[in-house]
Amino acid sequence: MSSIYGSTTQRVLAIPEILELVFSFLCAKDNAVCARVCKGWSEVALDTLWREVDDLRRFFGLLAPVETAVDSTGTPEYYEHFRRPLEPADWIRFMRYATRVRKLLVLPAEDSHLRGHLVFDEIARTRSTLNILPKLSSLTWESGLDGERLRLSLMFMHENVKSFTVRLIRSESYSLGIFFQEIALRMPKLTLLDLRFTFAVRDIEQELCALFKALPQLRKVILPKFTLTSKIIERLSKSPKLQVVQFEFLEFQGSGDVSDVHNWLPALEEDTFPALNDLSISVHLPHMTRFLNAEYTPANLQCLYVHTLYTVPPYQVHDFFDAAAQNCPLLKQLYLDFSGDPSPLLFRTSLAGEDRITWNTLRPLLKFSKLTDFELHWDTPLALTQDDVEQLAMCMPAIEVLMLNSEPIPTLETPPLTLRALIPFARHCPKIRELALYIDASANDLDAATHELRDALPSVRFRALRMLSVGLSRITVPEPVAIFLSLLCPPECRIGAGVSWPNGPQALEPEDAEARATLADIWTHAMQWHTRWMEVDRMLPLLTKVRLEEHSRRAELEREVEGLRVRARLLEERLNVGVPQDGGCILL
């Protein structure tokens with residue numbers, strides 16, 4: 001048996017695809033050991049070991065040792081070089097590994113270890129082939145030293161590279177326009193272009209449009225915030241294969257100048273964006289509404305994320321939702337976000353009713369037939385009632401992610417919704433995985449809601465919920481809240497609380513001295529609410545497990561009782577028809 005098992009194991013471990021899968025879970029040190037086991041393992045392990053390179057100094061060390069230069073007095077210089085001139089034998093050995101590299105990452109931390117040009121100059125003079133990484137498909141160049149260093153990335157560019165991520169740094173000696181021309185010339189088959197920079201896009205807008213025009217295979221473009229201007233959108237709309245246009249808020253992506261997108265009015269032509277299905281944009285919301293209502297607008301959008309530069313009245317939010325519903329029939333994911341950038345999050349002690357988003361504002365959402373994800377992040381709390389939530393849940397049975405502004409700017413007013421608002425979603429939305437609401441978990445109707453759940457037939461529970469986000473929701477005592485949620489949530493469900501605004505609480509600006517004092521008091525309570533919600537998150541898995549075990553035992557007892565009832569009924573029927581009791585048993 002052991003010999004059969006051994007031979008089977010050997011055959012399995014001789015399959016390259018299985019070996020590759022196993023080696024993908026190992027660290028570099030372990031893969032280096034595996035590469036020395038046998039010839040069969042060596043090739044697969046080396047492919048895994050060198051598939052992704054993120055340390056150029058170590059990688060170039062395969063050619064010859066790299067060391068820091070010293071002056072005549074023995075003092076270390078600012079740059080590195082090879083210890084000796086490169087020879088043909090070095091390149092023969094190096095290419096055995098270079099042909100395995102599929103992804104190259106040059107990050108600021110690692111790039112600082114390979115300063116100066118001496119190493120790159122020696123490679124450029126002595127290399128035995130034009131493309132030193134012939135199978136490279138993904139290149140990330142984030143050198144933060146200077147703009148002149150962008151030129152060194154040209155050494156790794158060739159027509160097989162499909163993905164390019166680069167941090168742009170302006171230099172007086174090297175024009176970004178020339179760099180863009182090199183990209184188009186050397187990597188004409190790019191499908192993903194990720195540009196990161198921290199200056200106004202208007203300075204390179206013309207050159208950037210020329211680059212997009214020269215890359216007809218583009219499928220995805222990523223830019224910093226405030227850089228998708230009217231001209232850039234017009235140019236991208238003519239890319240025949242472009243599927244995704246997005247910006248990133250993350251700090252590493254950079255940022256443009258918000259004034260570049262103030263007057264955002266792109267003029268699109270017929271057959272615009274023929275393949276676009278995912279668009280992320282940062283503009284004034286009325287401008288986006290006008291864009292969607294234009295004669296030529298992207299008709300195949302499935303995902304739309306809009307970051308509005310400034311808060312707008314609820315009727316303009318309604319108009320945007322209505323325009324999206326009318327002109328984007330295939331939309332599955334819709335996100336509307338006001339995060340306070342560039343407009344500050346202004347804290348006010350009181351809010352007018354006309355500033356609140358109501359059910360009437362959200363009503364156009366019912367026109368989306370394919371919507372599965374909807375997120376709304378706004379500065380003021382939503383003015384929704386329990387009846388509104390009931391109607392919303394009934395009309396969106398296919399929803400999977402629903403985030404209804406759980407992190408508004410805090411106010412003195414109590415949220416209109418309570419924990420009872422969860423029940424309609426548990427009853428009508430079986431696919432929902434993530435739910436976010438701004439609620440008052442300390443309301444007096446908690447006991448009544450708990451009894452409603454216990455008495456409900458059939459039982460009401462979330463089937464797929466994995467995350468319940470409550471943001472800045474109020475809570476007084478965690479125990480009864482955890483008991484209530486244990487009746488609704490599956491064991492895998494987690495509770496999320498707190499804020500995700502950029503700069504956190506520091507993002508808020510009080511309108512006056514009174515508001516400043518009130519805000520400080522609210523934040524004191526908010527920290528207490530967060531602590532209590534985390535206690536709910538800690539208790540919920542155990543309570544849910546106990547609840548499920550109780551439900552299972554109850555179901556078993558009910559089956560036993562029902563079996564006894566059937567037996568008793570059969571015995572009674574036998575007596576009624578005059579069948580004598582013979583002491584026999586009844587088989588069911």
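## Cysteines, a loop arginine and two helix pairs

C27 has a relative accessibility of 41% and therefore counts as partly exposed. This value, like those that follow, comes from a predicted model.

**Cysteines.** A search of the whole structure returns 0 disulfides. C27 takes part in none, and the cysteine sulfur nearest to that of C27 belongs to C34, 9.1 Å away. Seen from C34, the closest cysteine sulfur is that of C27, and the separation of 9.1 Å is too far for a bond, because a disulfide requires the two sulfur atoms to lie within 2.5 Å. C34 is buried, with a relative accessibility of 11%, whereas C27 is partly exposed.

**The loop residue R36.** The loop that joins α3 (28-34) to α4 (39-50) contains R36. With 64% relative accessibility, R36 counts as exposed, since the cut-off for that class is over 50%. A polar atom of the R36 side chain lies 3.4 Å from the backbone oxygen of A32. The C-alpha atom of R36 is 9.6 Å from that of L46, and the two residues are 10 positions apart along the chain.

The accessibility values of the three residues are collected below.

| Residue | Relative accessibility | Class |
|---|---|---|
| C27 | 41% | partly exposed |
| C34 | 11% | buried |
| R36 | 64% | exposed |

**Packing of α2 against α4.** Helix α4, which follows the loop holding R36, packs with helix α2 (residues 16-23) at an angle of about 45 degrees, and the two axes are 9 Å apart. The pair is therefore classed as oblique. The crossing of α2 past α4 is right-handed. On the α2 side, the contact is formed by P16, L19, E20 and F23, and on the α4 side by G40, W41, V44, A45 and T48.

**Packing of α12 against α13.** A second helix pair is formed by α12 (residues 285-293) and α13 (residues 314-327), whose axes are 9 Å apart and meet at an angle of about 25 degrees. These two helices are therefore roughly parallel to each other, because angles under 35 degrees fall in that class. Here α12 passes α13 in a left-handed crossing. Residues L285, P286, M288, T289, L292 and N293 of α12 are in contact with Q316, V317, D319, F320, A323, A324 and N327 of α13.

Terms used:
Residues are numbered from 1 along each chain as its sequence is written. This is a predicted model: local features need pLDDT of at least 70, side-chain atom pairs count only at pLDDT 80 or more; totals for chains, interfaces and linings use all residues. Side-chain values use heavy atoms; hydrogens and water are left out. Buried means under 20% relative accessible area, exposed over 50%, partly exposed in between (1.4 Å probe, protein chains only). Helices (H or I, at least four residues) and strands (E, at least two) are DSSP runs, numbered from the N terminus. A polar contact is a pair of N or O atoms within 3.5 Å; within protein, one must be able to donate a hydrogen and the other to accept it, and residues adjacent in sequence count only if both atoms are side-chain atoms. Axes are lines fitted to C-alpha atoms, for helices over the stretch in contact, and angles run from 0 to 180 degrees between N-to-C directions. Angles under 35 degrees count as roughly parallel, over 145 as roughly antiparallel, 65 to 115 as roughly perpendicular and the rest as oblique. A crossing is left-handed if the near helix is turned anticlockwise from the far one by less than a right angle, and right-handed if clockwise. Contact means heavy atoms within 4.5 Å.
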